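Take a walk through this protein with the structure open beside you. We will go from a helix to a helix pair, and then into some loops.

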Amino acid sequence: MLFKKSIDSLIQESTESGEGTLKRTLGVGNLIALGIGAIIGAGLFVRTAAAAAEHSGPAVTLSFILAAIGCALAGLCYAEFASMIPIAGSAYTYSYATMGEVVAWIIGWDLVLEYAVGAATVAIAWSEYLNKLLETFGVTIPYAYCHSPFQTSVDGIQGIINIPALFVVVLLTFVLIRGTQESATLNGIIVIVKVAIVIAFIAIGWGYMNPANHTPYIPVNAGEVAYANGEKGFMQFFAQDFGDFGISGIIAGAGVVFFAFIGFDAVSTAAQEAKNPSRDMPIGILVSLAVCTALYILFGHVLTGVANYSEFENAGKEASVAYAIENYMHGYHWLSVLITVAILAGFSSVILVMLLGQSRVFFSMSKDGLVPKVFSSVHPKFQTPYKSNLIFLVFVGLFAAFVPGDVVGDMTSIGTLFAFTLVCIGVLILRKVDPDRERPFKTPFMPVVPILGAGVCILMMIGLGAHNWERLLIWMALGMAIYYGYSRRNSVVRRKYREGQR
C-alpha cells in the first residue's frame, strides 16, 4: 500500500485558520518578488563564471537556455499542483498525494539539499562578495576566517571558519522568525535594487564586449571529436572528457547554472501564506521564471564578451562581475562597487527565501508525523515556525561555516533536479488516477510537457557527474535510515490506517 494523503484532506487543511496555522499575508506581487528574490543570486553572479570557465565557455548562454527549458517544463507542472493543492510543502506535499508516503519522504528529505544546503551555498558566496567590497575600502577579512577548513590559499594559508557566511544566516533567520510579511517586504525592496543593477551591467557592458572572446562560441572538446570519429568508446569518453567543453560541456554547464534557477519552486512552499493561492501561485511561479531567464541569457552573453571565459578559472572566479568591470570596463569603478553592494543584498534575499522554503517543507512533514512536532511549532505572536527556523539555523550555519561552496552548490543542483523530476512524474500520475479533479491551472500539451521535463532534468543530473550522484545516494541512504527508524512509526496517515483496520 502506498499510504497516500487524499487531496480532499489537503485542501481542507489549507483552509484551516487560527492558532497553530500560518498567516495568509502574501499577494501575487509578493509571490513574484519571492520567486525573483530566490532565483537571482549566487547562481547568476558566481555559478555563471564557473560554468563558463570549466565547461561551456561563451556557450554558457546555451547552458542557460537548456536549464531554462527544464525549469519551464517543471514549472508548468509545479503550477498545476500549486493551484490544486494550496498548502505548504511544495513537491513533498504533491508527491504525498500522488506517489505515496515513501516517495514523499524521499522528496522531502531531498528538498533539504535544495533549500538548506542551497542557503549555505549562497551564504558562502555572500562572504566572498563581502570581502570584495571591503577590499575597496582597504579592509580585508583574514583568509582563515572567511574560508572553510577544506580550503587553502595560494599562499598556503589554511581556512578555519567562514564567519561572514555564518553571520548572514543568523541575521536572516531572525528576520524570518519576526514574520512572513515583514520578510516579504524586505525581499521586495531588495529585488527592485538587484534587478536594476543586473540591467545596468547588461546595458553598460554591452558596449565593452570583445567579439574575440566569443570565438569559438563552443570551445572544442578533443575527446568528443575522438568519440565522433570512432577513436574512443562512449564509456571512455564519458569518464575522461564529458563536460570539458563541446556539446557535452553545454550539458554539464546546464547542470551547474541550473543552480541559478533554483528558487521559483520556493514560491510553492508559501502557498499556505498566499491570499489567493489557486490564482496567484501559477502566476508567481511562471512570471518569476520568465523574467529571470531573459536576464540570465543576456547576462551570460555580456559577461563572457567583456572578459574571456578562461580568466574566470582563477582570477575572477570568486567575484567574476567585479573582476570583469575592474579589468575591462575602465571608468566604471562605481558600477563595480554598486554591483557588489547589490549582489550582497541580492544574496540576502535568496538566503531568506530558501530558509523560508525549508522551514515550510518541514512544517508540512511535521504535521504528517514524519519529522518531530517541534518543526511545526508556531510562534504565538508572529505565527511563524520559529523552532524549525532555529534548528535549520544550526544546520545551515554549520555547512556555511565549514564546507566549500562548490561542493554544496552541486549537491543542491542534483537534489533539486531530482525533486523536479518527481513533480513532473506526479502530474502524469494524478491526471491518470484523478482526471476529474478541478484544476485552476492545467499543464498544457499533456503528456509531452511532463515527460520532456523529467527527461531534461535527468539529462542535467547526468551532466553533474559521478561524484554528485554518489553524494546524492549517500544522502538518500541517510534519509531512508531516518524514515524507517522514526518516520514510518510516527506517520499520521499510517496511524489512521491502522485505526481503521481495527
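Begin with helix H15, which covers residues 333-367 in this predicted model. H15 has 35 residues, and at 1.5 Å a residue they should span 51 Å. The C-alpha atoms at the two ends of H15 are 51 Å apart, so expectation and model agree. How much of H15 is buried? The helix is mostly covered, with 29 of its 35 residues buried. Just after H15 comes Gly-369, with a positive phi of about 85°.

Now find a pair of helices. H4 runs over residues 60-84, and H5 over residues 91-98. Their axes lie 10 Å apart, and the two helices pack at an angle of about 75°. Angles of 65 to 115 degrees count as roughly perpendicular, and H4 and H5 are therefore roughly perpendicular to each other. Which residues meet here? H4 brings Tyr-78, Phe-81 and Ala-82. H5 brings Ala-91, Tyr-94 and Thr-98. In this contact of H4 with H5, five residues are nonpolar, one is polar and none is charged. Look again at the numbering within one helix. An α-helix has 3.6 residues a turn, so residues three or four places apart point the same way.

Next, the loops. Keep a general rule in mind: most residues other than glycine have a negative phi, and most peptide bonds are trans. The following places depart from that pattern.

Go to the loop between helix H8 (180-205) and helix H9 (222-228), where Pro-216 lies. The peptide bond from Thr-215 to Pro-216 is cis, and its omega is near -5°.

Move on to the loop between helix H10 (234-240) and helix H11 (246-257), which holds Phe-245. Phe-245 is not a glycine, yet its phi is positive, near 70°. Is Phe-245 buried or exposed? Its relative accessible area is 17%. Buried means under 20%, so Phe-245 is buried.

The last stop is the loop between helix H17 (405-433) and helix H18 (448-463), home of Pro-447. The peptide bond from Met-446 to Pro-447 is cis, with omega near -5°. Phe-445 is in the loop between H17 and H18 too. Phe-445 has a positive phi, near 50°, and is a residue other than glycine. Its relative accessibility is 67%. Exposed means over 50%, so Phe-445 counts as exposed. Set the two phenylalanines side by side: Phe-245 is buried, whereas Phe-445 is exposed.

Notes
Residues numbered from 1 in each chain as written. Predicted model: local features only at pLDDT ≥ 70, side-chain atom pairs only at ≥ 80, totals over all residues. Heavy atoms only, no water. Helix = DSSP H or I, 4+ residues; strand = E, 2+ residues; numbered from the N terminus. Expected span 1.5 Å × (residues − 1). Buried < 20%, exposed > 50% of the residue type's maximum accessible area, 1.4 Å probe, protein only. Axes fitted to C-alpha atoms, helices over the stretch in contact; angles between N-to-C directions. Parallel < 35°, antiparallel > 145°, perpendicular 65-115°, else oblique. Contact = heavy atoms within 4.5 Å. Nonpolar A, V, L, I, M, F, W, Y, C, P; charged D, E, K, R; others polar.
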